[in-house]
Amino acid sequence: QGLLRAKGLLWFSQRRSARYTFHLSGRQRVECVTEGPWEGPPCTQLVLIGTDAAVLQSLKQQFITLMAQAQAQARALIPGLEEPSSPGSRQHTTASSSGQVSPGAGGSTSS
């Protein structure tokens with residue numbers, strides 16, 4: 001409800017060199033596929049498009065919380081695990097009811 005489309009790039013600590021793309025379009029299409037290796041610093045970057053700003057903001061906060069928990073678990077399980085991004089890399093998740101996306105709004109995330 002309120003979310004029409006989501007898409008972006010995903011980085012998973014279990015497959016550090018693999019770049020994944022994610023697409024969600026309504027209830028008809030949900031896809032997460034490997035796109036090959038990263039050409040730059042790995043990151044997680046999502047765009048949420050919808051009709052209800054409150055719903056999109058809530059989803060964004062849930063995502064940020066889950067990503068922080070996943071990072072903590074990954075660091076505990078994998079000694080010496082590097083963060084997926086370095087200074088200057090892209091780290092943001094944003095949401096807007098108008099469909100516009102603004103970098104870094106309300107916090108940054110990486111997985």
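Two strands are taken to pair if DSSP finds at least two bridges between them; helices (H or I, at least four residues) and strands (E, at least two) are themselves DSSP runs, numbered from the N terminus. The structure is a predicted model, so to speak of local features a pLDDT of at least 70 is needed, side-chain atom pairs count only at pLDDT 80 or more, and totals for chains, interfaces and linings use all residues. Residues are numbered from 1 along each chain as its sequence is written, and side-chain values use heavy atoms, with hydrogens and water left out.

On this footing, the protein has one helix and five strands, and their order along the sequence is β-β-β-β-α-β. Strand 1 and strand 2 run antiparallel to each other, paired over six bridges. Within that pairing, Ala-6 has Leu-24 of strand 2 as its bridge partner. Strand 2 also pairs with strand 3 (residues 29–37), again in the antiparallel sense, this time over seven bridges. Here Leu-24 turns up once more, with Val-30 in strand 3 as its bridge partner. The hairpin of strand 2 and strand 3 has three residues between the strands, and Gly-26 takes a positive phi near 55° there.

How much of the protein is buried? Buried residues make up 35% of the 111 residues, where buried means under 20% relative accessible area, exposed over 50%, and partly exposed in between (1.4 Å probe, protein chains only). Strand 2 is largely enclosed by the rest of the structure, because six of its eight residues are buried. For the protein, the exposed surface comes to about 6,700 Å², with carbon and sulfur atoms supplying 53% of it; these areas come from the Shrake-Rupley method with a 1.4 Å probe, and for residues only the protein chains shown count as cover.

Next comes the interior. A nonpolar core is a set of buried Ala, Val, Leu, Ile, Met, Phe, Trp, Tyr and Cys residues joined through side-chain atoms within 4.5 Å. The largest such core has eleven residues, among them Ala-6, Tyr-20, Phe-22, Leu-24, Leu-46, Phe-63 and Met-67. At least two residues each come from strand 1 (3–10), strand 2 (18–25), strand 4 (45–50) and helix 1 (53–77). Strand 2 gives the most, with four residues. Leaving aside residues up to four places away in sequence, Phe-22 touches Ala-6, Lys-7, Gly-8, Leu-10, Val-30, Glu-31, Cys-32 and Leu-46, a contact being heavy atoms within 4.5 Å. Of the contacts in the protein with a separation of 6 or more, 55% are between residues 24 or more positions apart.

As for aromatics, the structure holds one pair. The ring centres of Phe-12 and Tyr-20 are 5.1 Å apart and the planes stand at 80°, so the pair is edge-to-face. Rings of Phe, Tyr and Trp (its six-membered ring) pair if their centres lie within 6.5 Å; planes under 30 degrees apart count as stacked, over 60 as edge-to-face and the rest as tilted. Phe-12 is partly exposed at 34% relative accessibility, while Tyr-20 is buried at 11%.

What about the cysteines? Cys-32 is partly exposed, at 38% relative accessible area, and Cys-43 is buried at 0%. With a disulfide taken as a pair of cysteine sulfur atoms within 2.5 Å, the count is zero.

Lastly, Ala-70 lies in helix 1 and is partly exposed, with a relative accessible area of 36%. The C-alpha atoms of Ala-70 and Ser-13 are separated by 9.2 Å, with the two positions 57 residues apart along the chain counted as their distance apart.
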